[in-house]
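Work through the exercises below with the structure open. Each task is followed by a stepwise solution.

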Amino acid sequence: MPREMLDSEIQRLQKEVMSLGEMVEKSILEAVDSLKRRDFEASRRIIAQDQAINEKRFAIEADTLVVIATQQPMASDLRILAAILEVVTELERIADYAKGIAKVNLLIGEKPLIKPLIDIPRMAQKATDMLHRALEAFVQKDVEKAMAIPKEDDEVDALYDQVYRELMTYVIANPAANLEQANYLLWVAHNLERAADRVTNICERVVFTVTGEMKELDIQEDIGTRWSRTIKEGQ
Amino acid sequence: MSWLQKMPLPDLPDNPEEPIIKIRNLNVWYGNRLVLGDINLDIPRNRITAIIGPSGCGKSTLIRCLNRMNDLIPNARVEGQVLFDGKNIYSSDVDVTEIRRRIGMVFQKPNPFPKSIYENIAWGLRIRGFKGNLDEVVERALRQAALWDEVKDKLHANALTLSGGQQQRLCIARALAVGSEVLLLDEPASALDPISALKIEELLRELSRDYTIVIVTHNMQQAARVSHYTAFIMWDDNRVGRLIEYGLTRDIFTNPKDKRTEDYITGRFG
């Protein structure tokens, strides 16, 4: 096969992207779990591990540039490599959200949680599940799968709205005691909501890789619109 | 150390880089004209080293020094050392024929003998008094050169009936059959169509697991695709070819250290 070298390099890079994705999924799940268990040591570990994720992202980026520079990819080969550069950036940002969640655990400190965490772990589970399938779709070049995933973002958004409303009731009930922590927990939920949004960006790159078409798959209303709707409904 | 340097070379075993050829203070004259000046370069074993540079900079002259092909050019004079496995090939006690057997050369234009495909491989062995199983050696060489499947049913057809790409692979098989450890290739794909050229490139990658390959090419994209190391040669103000930069191909083509290399590979010069 005349482009064996290029093909094997692309496959290797795709495997690296999957491996980076697994690191990111693990970070998100562990960050939420350590918050739930109030495990500060685990949170510190997640913050430290973010460096390894950043380094892996840069390594994949550097290797992709080498393949572009040395192998002269064209058409779908070029699109895959361009998409890899985008996807690793999204993954690195999602890992930053995990780091942010881990920091929240440390910021809350020894104070007990104002409420048990039920929907936040669900959000994390849903977002990482979407991420995993989006990366599979990327490697498998499965457009149908990629186009279906952003629709699931509704579930994450609904969970976010629920967390928001619930936290607001805690704030209204006792602002002095609950405002600060409610704010931190809302930050956590917001990070998870954004992580799911970034999965949509990855799905868009799958479509671009296969079809060459650049189009928005995010058909959801933005967070500002949703907030004002949520606030109105609460009134 | 940059990320590029930390990453292992793709598709290669992690053996340490060990020079099989060391070029030391090499100067080459054609008559009174110095054409290559003070070249120092290590060619690593089981790797592909590409030599790139503008036309007339001395790339072919350099590669021809590596198996004393310049001996055949009137008025050519070589100073300095080319150490092959530690021994200077320009020493007076060196058997030049033996050097050219161990360091084979493939040229721009395929040059099979006007004989059968089989005889092209077998002939070199016969004149060396080979007593073993010729059929086996011919088949092995043709398989190594990724040509066997295409010619196994017509081994006794004239080699000149093969396509250009096939002829070039036959020339590579011919060198492998006589036991070359190093293959020097001077623009081996420039007379071929793009697909045949890519086949040669894939063959070279495969062969680099067992052989050392030095390729001269004016096709930068080809050098980038195929080689592990790249040497860039360019004239100085006196039109003497100098080694400007040498390093991992991935570094040369993504982050060259010398502005002249950058200008050349980005098409701003040459």
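**Exercise 1. A helix pair in chain A**

In which crossing, left-handed or right-handed, does H4(A) pass H7(A)? Describe how the two helices pack.

Solution. The model is predicted.

Step 1. Take the handedness. H4(A) passes H7(A) in a left-handed crossing.

Step 2. Take the geometry. The axes of helix H4 (residues 119-140) of chain A and H7(A) come within 9 Å. They cross at roughly 15°. Angles under 35 degrees count as roughly parallel, so H4(A) is roughly parallel to H7(A).

Step 3. List the partners. On the H4(A) side, the residues that meet H7(A) include A:Ile120, A:Met123, A:Ala127, A:Leu131 and A:Phe138. On the H7(A) side, they include A:Val188, A:Leu192, A:Ala195, A:Val199, A:Ile202 and A:Arg205.

Step 4. Sort by class. The contact has 19 nonpolar, no polar and 1 charged residues.

Step 5. Check H7(A) itself. Helix H7 of chain A covers residues 175-211, 37 residues in number. From first C-alpha to last, H7(A) reaches 52 Å, close to the 54 Å expected at 1.5 Å a residue. A:Gly212 follows H7(A), with a positive phi near 85°.

**Exercise 2. The contact between the chains**

Which helix of chain B gives the most to the side that touches chain A? Trace what that helix does on the chain B side.

Solution.

Step 1. Count. In chain B, 17 residues are in contact with 17 residues of chain A.

Step 2. Assign. H1 (3-6), H8 (194-207), H9 (220-226) and H10 (249-252) of chain B each supply at least two residues of that side. H8(B) gives the most, with 5 residues.

Step 3. Sort by class. The side of chain B that touches chain A has 8 nonpolar, 3 polar and 6 charged residues.

Step 4. Look along H8(B). Its 14 residues reach 20 Å from first C-alpha to last, close to the 20 Å expected. Buried residues in H8(B) include B:Ala197, B:Leu198, B:Lys199, B:Glu201 and B:Arg205.

Step 5. Find the cover. The buried residues of H8(B) are covered by elements including helix H1 (4-37) of chain A. Strand E3 (48-52), helix H7 (164-177), strand E8 (212-216) and H9 of chain B are also among them.

**Exercise 3. Two residues to place**

Are A:Lys99 and B:Ala50 buried or exposed? Give the surroundings of each.

Solution.

Step 1. A:Lys99 sits in helix H3 (residues 75-108) of chain A. A:Lys99 is buried, because 21 other C-beta atoms lie within 10 Å and the cut-off is 20 or more.

Step 2. Apart from residues up to four places away in sequence, A:Lys99 touches A:Ile46, A:Ile47 and A:Asp50. Its C-alpha is 7.3 Å from that of A:Ala31, 68 residues apart along the chain.

Step 3. B:Ala50 lies in strand E3 of chain B. B:Ala50 is buried too, with 26 other C-beta atoms within 10 Å. Its contacts beyond four places in sequence include B:Ile215, B:Ala223, B:Val226 and B:Thr249. The C-alpha atoms of B:Ala50 and B:Tyr246 are separated by 9.6 Å, with their positions 196 residues apart along the chain.

**Exercise 4. Positive phi without glycine**

What is the phi of A:Ala75, and what is that of B:Asn46?

Solution.

Step 1. Phi of A:Ala75 is near 50°. A:Ala75 is in helix H3 of chain A and is exposed, with 8 other C-beta atoms within 10 Å.

Step 2. B:Asn46 has a phi of about 55°. B:Asn46 is found in the loop between strand E2 (33-44) and E3 of chain B. With 19 C-beta neighbours inside 10 Å, B:Asn46 counts as partly exposed.

Notes
Residues numbered from 1 in each chain as written. Chains lettered and ligands numbered in written order. Predicted model: local features only at pLDDT ≥ 70, side-chain atom pairs only at ≥ 80, totals over all residues. Contact = placed C-beta atoms within 7 Å. Helix = DSSP H or I, 4+ residues; strand = E, 2+ residues; numbered from the N terminus. Nonpolar A, V, L, I, M, F, W, Y, C, P; charged D, E, K, R; others polar. Expected span 1.5 Å × (residues − 1). Buried ≥ 20, exposed ≤ 12 C-beta atoms within 10 Å, placed from the backbone. Axes fitted to C-alpha atoms, helices over the stretch in contact; angles between N-to-C directions. Parallel < 35°, antiparallel > 145°, perpendicular 65-115°, else oblique. Left-handed = near helix turned anticlockwise from the far one by under 90°.
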